[in-house]
Structure formats: structure tokens, C-alpha cells
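Take a walk through this fold. Begin with one residue, then work outward to the whole chain.

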Amino acid sequence: MVFTGGGQRGQASVELVALLPILAVLCAVGWQMVVAGQTVWLAGTAARGAARAHALGRDADAGGRAALPVAMRGGLRVQTGEGGRVSVRLRIPAVIPGGGRLGS
């Protein structure tokens, strides 16, 4: 009886199945980085909106919220200080549900 590579049959399938969880984690981490970058961008937009509203004598919190998409408004915290200074904090949404709260 002659075996010609019988031990290698299905090896590529086994390797692919072994790599799928690693690939899934890498994709999730990459997407989380994209979401974090977008959140930083949106925080800047909210800060400009809050500062503009504060400079006009309006509610800075409402100005910051108006500059954000509805889904991001819940994690916004706006503080105003002396000299027209505005501080904005925005929660970074988690890509994986139950993955914990990132940022504050």
C-alpha cells in the first residue's frame, strides 16, 4: 500500500479554521480603532459647536449635542470655564457589545 501525501489532506482547511478567530479579533480591533478615530473627530466637531453656542450666550451643552449624530449624543459631557473655555468629553462606543465602556 502506497500513501501519497495522505497525511496532508485537509491541512489547509485546518489551518484556515485555526486562523479564523485570530482574523476575527484583528478585524474587531481594527474596526474599534476606526470608531475611536471617528469619535475623536466628532468630539472636535462637538467642541466647536459648544464653543460657538457659548460665545453667542446660548447653552453650550445643546450646541455640542446639535453638532453630533443622535447615536453619539448620550455620551457627551460639556463643561464651560473662564474666558470662554469649553471642554468636551465623548464616550467611545464599543464595537463588540459587552466589551466594556471605552473612554468617558
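In which helix does Arg65 lie? Arg65 is part of helix α2, which covers residues 60–66. Keep in mind that this is a predicted model. Every value below is computed from it.

Stay with Arg65 for a moment. Its relative accessibility is 25%, so it counts as partly exposed. Its partner is Asp61: the two form a salt bridge, with the closest N and O atoms 3.1 Å apart. Why are these two residues about one helical turn apart? They are separated that way because they sit 4 residues apart in helix α2. Asp61 is partly exposed as well, with a relative accessible area of 26%. The count of salt bridges comes to 1.

Arg65 also reaches beyond its own helix. Not counting residues up to four places away in sequence, it touches Arg73, Gly74, Leu76 and Arg77. Strand β1 spans residues 76–80. On another side of the story is Ala46. Its C-alpha atom is 6.7 Å from that of Arg65, although their positions lie 19 residues apart along the chain. Gly49 gives a second distance of this kind. The C-alpha atoms of Gly49 and Arg65 are separated by 8.0 Å, and the two residues are 16 apart along the chain.

Gly49 brings us to helix α1. That is where this glycine has its place. Is Gly49 buried or exposed? With 9% relative accessibility, Gly49 counts as buried, because the cut-off is under 20%. Leave aside its neighbours within four places in sequence, and Gly49 is in contact with Gly63 and Gly64. Helix α2 runs over residues 60–66.

Now move along helix α1, which takes in residues 11–55. Thr39 is found here. Thr39 is buried, with a relative accessible area of 3%. Which residues does Thr39 contact, leaving aside its neighbours within four places in sequence? They are Met72, Leu90, Arg91, Ile92 and Pro93. One of them, Leu90, belongs to strand β2.

Gln32 is another residue of helix α1. Its relative accessible area is 16%, so Gln32 is buried. Its side chain has a backbone partner: a polar atom of that side chain lies 2.8 Å from the backbone nitrogen of Val95.

Leu16 offers the opposite case. It too lies in helix α1. Yet Leu16 is exposed, because its relative accessible area is 52% and the cut-off is over 50%. Leu16 takes part in a nonpolar patch on the surface. The other members are Val17, Leu20 and Leu23. Together the patch has about 390 Å² of accessible area.

Turn next to the strands. How many bridges join strand β1 to β2? There are 5, and the strands run antiparallel. They form a hairpin, with 5 residues between them. In the turn, Gly83 has a positive phi of about 70 degrees. Two cross-strand pairs can be located on the model. Arg77 stands opposite Arg89 in β2. Gln79 stands opposite Ser87 in β2. Arg77 has already appeared, as one of the residues touched by Arg65.

Strand β2 covers residues 86–90. Which of its side chains are buried? Val86, Val88 and Leu90 are, and they point to one face. Ser87 and Arg89 point to the other face and are not buried. The reason for such a pattern is general: side chains in a regular strand alternate between the two faces of the sheet. Leu90, on the buried face, is also a contact of Thr39.

Finally, step back to the whole chain. It has 2 helices and 2 strands. Along the sequence they follow the pattern α-α-β-β. Buried residues make up 19% of the 104 residues. Of the contacts with a separation of 6 or more, 39% are between residues 24 or more positions apart. The accessible surface comes to about 7600 Å². Carbon and sulfur atoms account for 62% of that surface.

Conventions. Residues numbered from 1 in each chain as written. Predicted model: local features only at pLDDT ≥ 70, side-chain atom pairs only at ≥ 80, totals over all residues. Heavy atoms only, no water. Buried < 20%, exposed > 50% of the residue type's maximum accessible area, 1.4 Å probe, protein only. Contact = heavy atoms within 4.5 Å. Pairing = 2+ DSSP bridges. Polar contact = N/O pair within 3.5 Å; in protein donor to acceptor, adjacent residues only side chain to side chain. Patch = residues over 30% accessible without salt bridge, like charges linked within 9 Å, V, L, I, M, F, W, Y side chains within 5 Å. Areas by Shrake-Rupley, 256 points an atom, 1.4 Å probe, with all protein chains shown as cover. Salt bridge = Lys/Arg side-chain N within 4 Å of Asp/Glu carboxyl O.
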